[in-house]
Amino acid sequence: METAKKVIFSGVQPSGNITLGNYLGAIKNWVELQKDYYCNYAIMDLHSITVRQNPKELKKRTLDLLKLYIACGINPDENLLFVQSHVSAHAELAWILNCYTYMGELSRMTQFKDKSKKHSNNINAGLFTYPVLMAADILLYQTDLVPVGVDQLQHIEIARDIAIRFNSIYGDVFKIPEGFIPKTGAKVMSLQDPTKKMSKSDENPKAYISMMDDFDSIAKKIKSAVTDSEGIVAYKEGKDGINNLMGILSSITGESMESIQNRYVGRGYGEFKSEVAEAVVECIRPIRQKFDELSGNNDYLEKIYTESAEKARSVANRTLKKVYKKIGFVV
Ligand code: AMP
Ligand code: TRP
């Protein structure tokens, strides 16, 4: 008997240049999972405006992100690739779920605390209720699995809590989703401060590798990555810089940390960094080639996001209608 494929939902915000962290932590796994799941990959533009965005850039980045999803190997014929704001059910369900989420649980979110510190002149209500919108994204599609980097685990946990709370009042409305974190690459660290996550909004561009960087600067950034003075390539507590570079290499090539360590006995950081730089450049090269091929092909991109949004709307509205009925709205 044929069983229906399980469902994935995930997305990235079009809020900056996509980094190697986004790729290794999230998108690379999406590509691998598409064989076995029915996948919904959205571009989270509603989330991105919790921080001020330049309208022109936001528009460009939204399309660039769609190109990047496809260039990374996600097949638009088999999966839905759409823009979050094109499916109004996301905002509608978010409002409902707001009424089933407590201020206390939202104020414990580390991302909220971090971002309010960073954008202290714009601590808006959207930043606070961000995880509720994310819960709506996930729950609308009766999602089984949410592949993300480790920083998003707390948001998945709250999405589960909200779903369980709602179901306990109204019966089986939402599937309870699970997070999926990759074994390596789940948290790629800053190249300049390897105790911090690599972030596309870092003010120092040497701290992150953008998927759009030219290949020479990628190599330079890796070669100038902060390490330590021990000179031994080994995965060990306290060696954050080297651990990070080993993690990047392992995530790209699939080689274990132990094997990398064994190959580098008696060899220095210079050689090691060159190998990592080359691996990163060769990983990004074919993606960039495909990305460039897609540029100027706006009709094709529009067809993908339009048709995907139409299909997504039909699934999402089914869940929303069920929610309305259960609550007692006249539908
Ligand atoms: P964002 O850039 O916040 O929209 O994140 C999009 C996806 O990339 C999420 O699944 C994040 O968990 C993941 N991600 C972001 N930064 C990193 C990082 N430095 N290492 C691993 N995964 C990351
Ligand atoms: N908050 C996620 C991030 O910044 C992006 C996101 C929004 C997301 N909605 C989602 C990821 C739903 C997975 C599922 O990384």
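User: What makes two residues count as being in contact in this predicted model?

Analyst: Contact means that heavy atoms lie within 4.5 Å. The model is a predicted one. By that cut-off, and leaving out residues up to four places away in sequence, Ile27 touches Val12, Ile18, Asn22, Tyr69, Cys72 and Ile74.

User: Why is the set that includes Ile27 and Tyr69 called a nonpolar core?

Analyst: A nonpolar core takes buried residues of listed types, Ile and Tyr among them, joined through side-chain atoms within 4.5 Å. The largest such core has 59 residues, and Ile27, Tyr69, Ile248, Phe272 and Val280 touch the most other members. Helix α12 (residues 269–294) gives the most to this core, 12 residues. Domain 1 (7–181 + 298–327) and domain 2 (205–292) each supply at least three residues. A second core, separate from this one, has 43 residues, including Leu93, Tyr100, Met109 and Leu127.

User: What makes the pair formed by Asn22 and ligand 1 a polar contact?

Analyst: The cut-off for a pair of N or O atoms is 3.5 Å. An N or O atom in the Asn22 side chain is 2.9 Å from an oxygen atom of ligand 1, so the pair qualifies as a polar contact. A polar backbone atom of Gly149 is 2.8 Å from an oxygen atom of ligand 1. For Val188, a backbone N or O atom lies 2.7 Å from a nitrogen atom of the ligand.

User: How much of the accessible area of ligand 1 does the protein cover?

Analyst: On its own, ligand 1 has 480 Å² of accessible area, and the protein covers 93% of that.

User: Which residues come nearest to ligand 1?

Analyst: Gly149, Asp151, Val188, Met198 and Lys200 do, out of the 17 residues around ligand 1.

Notes. Residues numbered from 1 in each chain as written. Chains lettered and ligands numbered in written order. Predicted model: local features only at pLDDT ≥ 70, side-chain atom pairs only at ≥ 80, totals over all residues. Heavy atoms only, no water. Buried < 20%, exposed > 50% of the residue type's maximum accessible area, 1.4 Å probe, protein only. Helix = DSSP H or I, 4+ residues; strand = E, 2+ residues; numbered from the N terminus. Domains from an automatic or database assignment. Near = heavy atom within 4 Å. Polar contact = N/O pair within 3.5 Å; in protein donor to acceptor, adjacent residues only side chain to side chain. Areas by Shrake-Rupley, 256 points an atom, 1.4 Å probe, with all protein chains shown as cover.
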